[in-house]
Every structure is written in structure tokens, then in C-alpha cells.
Amino acid sequence: MKLARFLKNGLIKYGIVEGEDIIEIEGNIFGSFKKTSIISKLKDVKLLAPCEPSKVVAIGLNYKAHAAEFSKPLPEEPMLFLKPSTAVIGHGDEIIYPHHMSHRVDYEGELAVVIRKKAHMVKKEDAKDYILGYTCINDVTARDLQGKDIQYTRAKGFDTFAPIGPWVETDLNPENVRIETYLNGEKRQDTFTSDMIFDVYHLLSFVSCVMTLCPGDVIATGTPSGVGKMKPGDIVEVRIEGIGRLINRVSSLKEV
Ligand code: MG
């Protein structure tokens, strides 16, 4: 089932995507809900980020080939950082290039885990029960600032640096799905999630032993090899087998 959050006639709604249609639901995606008889065409609504995370917990260096790409040893435990909720945008929204501070902004296509219920000190074997589903995330990174700063907060935290979507797929087995990133239609990343160093359940368990995860929170599970830079005007697409495509355009910083 594909759960989407969308805007229709100025109102925020939730629905289930089936083919070209979106069927509005009644209730709470983290609890119980049911379909209504209100159906729209997907093309007639504006998709929003499928959830409103209180935090996006991201994992650094979680693919073997990506660690090799940066000549880093494999980590012994997951390396965590946070992206602020204000960085979150949805499918079709623009990534704003922060020219005022950075001159090297990269895409990082990643599998995102969406939390279903409050998770604190969860055992790996119980982790599945805390997951609503999966979506695509682009962990947009100001690579020059990541190198310059000791902390990742600035490099990873600009507004619009966390595109998420297009929806949450609830029926995915995350153990071996293909994840690809395209820049202007050219393939740049292409890996299977089986190349992860720490799998999804390990990550959820680990993070929950540091901080409580809330419904709608997102874990970005790390990017495979093939990261690279983007420039204004570029179209970036993260495509995950069984989920769909998250497409965003890079735009220059809006004048204020
Ligand atoms: Mg990343």
C-alpha cells in the first residue's frame, strides 16, 4: 500500500495511491484508517512530503562501496547525524542551492524508514513492528562545508536539503531492493540495499537506544557509492524498486 500526503483545494489530506488514482482516507496513518469514496487523479493533486518528521536521523557511511569511495574504513557502529525538520520538502519541490555559503552541493539517494510508533530501546528482532513503511530520501549535502566543519549540521541542514517521497510504501522488504539516482536522466548511483553495512532493523534498534523515535520520524539509511555534485537547473531523481521516484529540481537561492 502506498500512503501519500497531499494538498487538494488548499487542504492537507492523506490517501492511498492506486495506479493513477489517489483514494482519500479517514483516520490516522499511524493508527487505524479506512478508505473513503473520494478519489482524485494523482496528477490533479500536489504531493507533499509523506510524513512530518520531528527529526530525520541520518546514517553516514553505511554502504561498503561508498566507504571505499571516500577511502574510509568500515565503521564499527552506525555513525549518526541529524537533519532538521525544516529541511524536509516533498516530491516535485525545489532544492534551493545555498550559494551564499556553499559551492559544492551533492545528491545522496537513500532508502528512508518511516517510524509508525514510539520507539525506545527496541531490540533488532522487534524493529519491524515499529516501521510504517519506506520511502526515498535525498540526503542533500554541501560537501565543501562537510569537509570544513567538524560537525555535519550546516552541511546537511540547509532548508530543502531533505527531499522525501513520493509516498510511503508499507509492503516493502528492505533487505535487497535496487536503489538508483539519476541526474538529468543520467544514472549516477545504482546499488542494492543488500550492500548496507548495518541493515534497517539494526539501524532502528541502534538509533532507538540513543533517542526515542516518534511516529513520522525518518531514518535515512545511508547512500551508496556514486555521489556527485548538482548545480541549479539540474533535475535529480531517487528511484527505489517497489517504492517509486522522488524527483526534485535544483534552484538558485531565492532573493529575500
Ligand atoms: Mg547520506
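**View 1. Buried residues of helix α4 in the predicted model.** Val200, Tyr201, Leu203, Leu204, Ser205, Val207 and Ser208 of α4 are buried (under 20% relative accessible area, with exposed over 50% and partly exposed in between; 1.4 Å probe, protein chains only). The helix spans residues 200–208, and 7 of its 9 residues are buried; helices (H or I, at least four residues) and strands (E, at least two) are DSSP runs, numbered from the N terminus. Its buried residues pack against β6 (56–60), β7 (79–83), β11 (109–115), β12 (131–138) and β17 (218–220), where contact means heavy atoms within 4.5 Å. This is a predicted model: local features need pLDDT of at least 70, side-chain atom pairs count only at pLDDT 80 or more, and totals for chains, interfaces and linings use all residues. Residues are numbered from 1 along each chain as its sequence is written, and side-chain values use heavy atoms, with hydrogens and water left out.

**View 2. Surroundings of serine 40 in strand β4.** Serine 40 belongs to β4 (residues 33–41) and is buried, at a relative accessible area of 7%. Beyond its neighbours within four places in sequence, serine 40 contacts Lys8, Glu20, Asp21, Ile22 and Val45.

**View 3. The aromatic pair of phenylalanine 158 and phenylalanine 161.** The two rings are tilted, 5.2 Å centre to centre with 55° between the planes. Rings of Phe, Tyr and Trp (its six-membered ring) pair if their centres lie within 6.5 Å; planes under 30 degrees apart count as stacked, over 60 as edge-to-face and the rest as tilted. Phenylalanine 158 and phenylalanine 161 are both buried.
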